[in-house]
Amino acid sequence: MARFAPGDPVRVRPGAKPGHVRTPDYLKGKPGRVEVVLGAYPNPEDLAYGLSGEPGRVLYKVGFRQDTLWPDYEGPSDERLYADVYEHWLEPGGEI
Amino acid sequence: MGGEPAGPIDKKGHEPEDWERIADAVNAALGKRGFQTTDEHRRAIESLPNYRDLSYYERWASATEKLLVEKGILTKVEIDGRAAEIQRRWEDA
């Protein structure tokens, strides 16, 4: 069951987690918006250590405004970067 | 790279060397036979202490070696012994 739906504002959880993670550092703590619910997949953080990765985690395509990611960004303010982020790395966010 | 400055990007294309093709093929074969997964390989690559000193496929080969040893499929002694043997054959040829 997906916790978030397309259009929902979310925030990537800040901070480090020990072990292997697929969430890029530059997105930690950043606000974004769910674009697509991609479905559940085995958790890569467990697969990385030879575990089954089950139960699957819901993966989302999340859009981030470029000017929230890069301090010296000079492009259009509505331009977005899209990244796939697992549900356990997301929390509800405010409007962006 | 890793959120840190990495200098200019080299955009020139290049032909893979033979050993790089072999590194790729060995990796694919090990995955197909269930000896390792892409996620394990990525984790092994990112945990290489000399990551920044290695080229792309040097990372691949080092990570594959690390996983095979970690899983007890080969030992470091076996791998180093075989590498030395191949080196000798190469130099004699």
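**Exercise 1. How many helices and strands does chain A have?**

Before we start, some ground rules: the model is predicted, local features need pLDDT of at least 70, side-chain atom pairs count only at pLDDT 80 or more, and totals for chains, interfaces and linings use all residues. Residues are numbered from 1 along each chain as its sequence is written, while chains are lettered from A and ligands numbered from 1 in the order in which they are written.

*Solution.*
- Step 1: Learn what to count. Helices (H or I, at least four residues) and strands (E, at least two) are DSSP runs, numbered from the N terminus.
- Step 2: Count in chain A. There are two helices and five strands.
- Step 3: Read along the sequence. The pattern of chain A is β-β-α-β-α-β-β.
- Step 4: Check the compactness. Chain A has a radius of gyration (taken over C-alpha atoms) of 14 Å, close to the 12 Å that the globule rule gives for 96 residues, so chain A is as compact as a globular protein of that length. That rule is 2.2 Å times the number of residues to the power 0.38.
- Step 5: Add the dimensions. The C-alpha trace of chain A spans about 45 × 25 × 20 Å along its principal axes.

**Exercise 2. Describe the order and pairing of the strands in the sheet of chain A.**

*Solution.*
- Step 1: Recall the general idea. Strands of a sheet pair through backbone hydrogen bonds, either parallel or antiparallel. Here, two strands pair if DSSP finds at least two bridges between them.
- Step 2: Find the order. The five strands of chain A form an open sheet in the order 4-3-2-1-5, with antiparallel pairing.
- Step 3: Look at the edges. Strand 4 (80-86) and strand 5 (90-92) of chain A each have a single partner strand, so one side of each is left without a neighbour in the sheet.
- Step 4: Note the twist. From one strand to the next it averages 45°, where axes are lines fitted to C-alpha atoms and angles run from 0 to 180 degrees between N-to-C directions.
- Step 5: Collect the bridges in a table.

| Strands of chain A | Bridges | One facing pair |
|---|---|---|
| 1 (residues 9-12) and 2 (residues 31-41) | three | A:R11 and A:P31 |
| 1 and 5 | three | A:V10 and A:P92 |
| 2 and 3 | seven | A:A40 and A:V58 |
| 3 and 4 | seven | A:G63 and A:Y82 |

**Exercise 3. Which face of strand 1 of chain A is covered?**

*Solution.*
- Step 1: Sort the residues. A:V10 and A:V12 make up the covered face of strand 1, and A:P9 and A:R11 the uncovered one.
- Step 2: Follow A:V10 across the sheet. In strand 2 of chain A, A:V10 stands opposite A:G32.

**Exercise 4. Find the residues that touch the most other members of the largest nonpolar core.**

*Solution.*
- Step 1: Define burial. A residue is buried if 20 or more other C-beta atoms lie within 10 Å of its own, exposed if 12 or fewer, and partly exposed in between, with C-beta atoms placed from the backbone.
- Step 2: Define the core. A nonpolar core is a set of buried Ala, Val, Leu, Ile, Met, Phe, Trp, Tyr and Cys residues joined through C-beta atoms within 7 Å.
- Step 3: Pick the residues. Of the 13 residues in the largest core, A:Y60, A:V62, A:V85 and A:L90 touch the most other members.
- Step 4: Trace the elements. Strand 1, strand 3 (57-65) and strand 4 of chain A give two or more residues to this core, and strand 3 gives the most, with four residues.
- Step 5: Zoom in on A:V62. Not counting residues up to four places away in sequence, A:V62 touches residues including A:V10, A:G32, A:A83 and A:V85. Two residues are in contact if their C-beta atoms, placed from the backbone, lie within 7 Å.

**Exercise 5. Describe chain B, then examine where it touches chain A.**

*Solution.*
- Step 1: Count the elements. Chain B has four helices and zero strands, running α-α-α-α from the N terminus on.
- Step 2: Turn to burial. Of the 93 residues in chain B, 15% are buried.
- Step 3: Inspect helix 2 (residues 38-46) of chain B. B:D39, B:E40, B:H41, B:R43 and B:A44 are buried there. Their cover includes helix 1 (44-47) of chain A, together with helix 1 (18-32) and helix 3 (56-70) of chain B.
- Step 4: Count the touching residues. Seven residues of chain B are in contact with seven residues of chain A.
- Step 5: Classify the chain B side. It divides into no nonpolar, two polar and five charged residues. In this scheme, Ala, Val, Leu, Ile, Met, Phe, Trp, Tyr, Cys and Pro count as nonpolar, Asp, Glu, Lys and Arg as charged, and the others, Gly among them, as polar.
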